[in-house]
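Work through the exercises below with the model open beside you. Try each task before reading its solution.

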Amino acid sequence: MRRTRLEEGMKELETRMGTPSPLAQPLHQALLGAVFPLSVDQLVLLARENEAPSLVVSLLGSLPARRFESLDAIQQALESQAGASEEATEAPLAPMPSR
C-alpha cells in the first residue's frame with residue numbers, strides 16, 4: 001500500500017507541476033531553511049513547519065531511514081522509489097503451481 005501511495009503521489013505532483021523535474025519546486029519550498037545532513041524525521045518536521053502540502057510530507061515520510069546530504073539526494077531517492085514501485089506494479093504475476 002505504501003508503494004501505491006508513493007506512486008500516486010508522484011504522479012499527482014507530475015500532473016500539477018508539469019516540469020521535467022516535478023519534485024524540485026515543492027521540495028525546495030517544503031525544505032526551505034534546511035541545514036543538511038538531515039534524517040527523514042527531521043525532513044518531515046521541517047516540511048510541516050514550512051506548511052508543505054500533505055502530499056509532500058507523506059512522500060518525505062516514505063523515504064528510507066537514513067541521513068540525506070542534500071536536496072538533490074532527497075529528490076533522487078524519491079524518484080528511484082517511484083521508479084521501483086512502477087516496475088513492481090508492471091511485473092507480471094507468476095502463475096500458481098498446480099497441486
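The exercises go from the overall fold to single residues. The model is a predicted one.

**Exercise 1. The fold**

Give the order of the elements along the chain, from the N terminus on.

Solution.
- Start with the inventory: the chain has five helices and two strands.
- Now read from the N terminus: the order is α-α-β-α-α-β-α.
- Turn to burial. The chain has 99 residues, and 34% of them count as buried.
- Finish with the contacts. Take those between residues at least 6 apart in sequence: 58% of them join residues at least 24 apart.

**Exercise 2. The two sides of helix 3**

Work out where the buried residues of helix 3 sit around its axis.

Solution.
- Locate the helix: helix 3 spans residues 40–49.
- List its buried residues: V40, L43, V44, L46 and A47.
- Check their directions. They cover an arc of only 165° around the axis, so they lie on the same side of helix 3.
- Recall the helical repeat: with 3.6 residues a turn in an α-helix, residues three or four places apart point the same way.
- Look at the face turned away from the buried side. Exposed residues D41, L45, R48 and E49 are carried there.
- Step past the end of the helix: just after helix 3, E51 has a positive phi of about 55°.

**Exercise 3. Helix 3 against helix 4**

Classify the packing of helix 3 and helix 4 as parallel or antiparallel.

Solution.
- Choose the descriptors: two packed helices are described by the angle between their axes and the distance between the axes.
- Read the values. Helix 3 and helix 4 (residues 54–61) pack at about 175°, and their axes are 9 Å apart.
- Apply the cut-off: angles over 145 degrees count as roughly antiparallel. Helix 3 and helix 4 are therefore roughly antiparallel to each other.
- Name the contact residues. Helix 3 brings V40, L43, V44, A47 and R48, and helix 4 brings V57, L60 and G61.
- Sort them by type: the contact has six nonpolar residues, one polar and one charged.

**Exercise 4. The core**

Find which residues have the most contacts inside the largest nonpolar core.

Solution.
- Set the size: this core has 22 residues.
- Pick those with the most contacts inside the core: L31, L60, L63, F68 and I74.
- Trace the sources. Helix 2 (24–30), helix 3, helix 4 and helix 5 each give two or more residues to this core.
- Follow L60. Beyond four places in sequence, L60 touches L27, L31, V40, L43, V44, A47 and I74.
- Follow I74, which is in helix 5. Beyond four places in sequence, I74 contacts L27, L31, F36, L43, L60, L63 and F68.

**Exercise 5. Three buried positions**

Decide whether I74, L78 and S39 are buried or exposed.

Solution.
- Set the cut-off: buried means under 20% relative accessible area.
- Test I74. Its relative accessible area is 0%, so I74 is buried. I74 and A24 are 50 residues apart in sequence, and their C-alpha atoms are 9.9 Å apart.
- Test L78, which lies in helix 5 (residues 71–90). At 1%, L78 is buried. L78 and L23 are 55 residues apart in sequence but 8.6 Å apart in space, C-alpha to C-alpha.
- Test S39, found in strand 1 (residues 38–39). At 18%, S39 is buried. Beyond four places in sequence, S39 touches R66 and R67.

Conventions: Residues numbered from 1 in each chain as written. Predicted model: local features only at pLDDT ≥ 70, side-chain atom pairs only at ≥ 80, totals over all residues. Heavy atoms only, no water. Buried < 20%, exposed > 50% of the residue type's maximum accessible area, 1.4 Å probe, protein only. Helix = DSSP H or I, 4+ residues; strand = E, 2+ residues; numbered from the N terminus. Arc of directions from axis to C-beta. Axes fitted to C-alpha atoms, helices over the stretch in contact; angles between N-to-C directions. Parallel < 35°, antiparallel > 145°, perpendicular 65-115°, else oblique. Contact = heavy atoms within 4.5 Å. Nonpolar A, V, L, I, M, F, W, Y, C, P; charged D, E, K, R; others polar. Core = buried A, V, L, I, M, F, W, Y, C linked by side-chain atoms within 4.5 Å.
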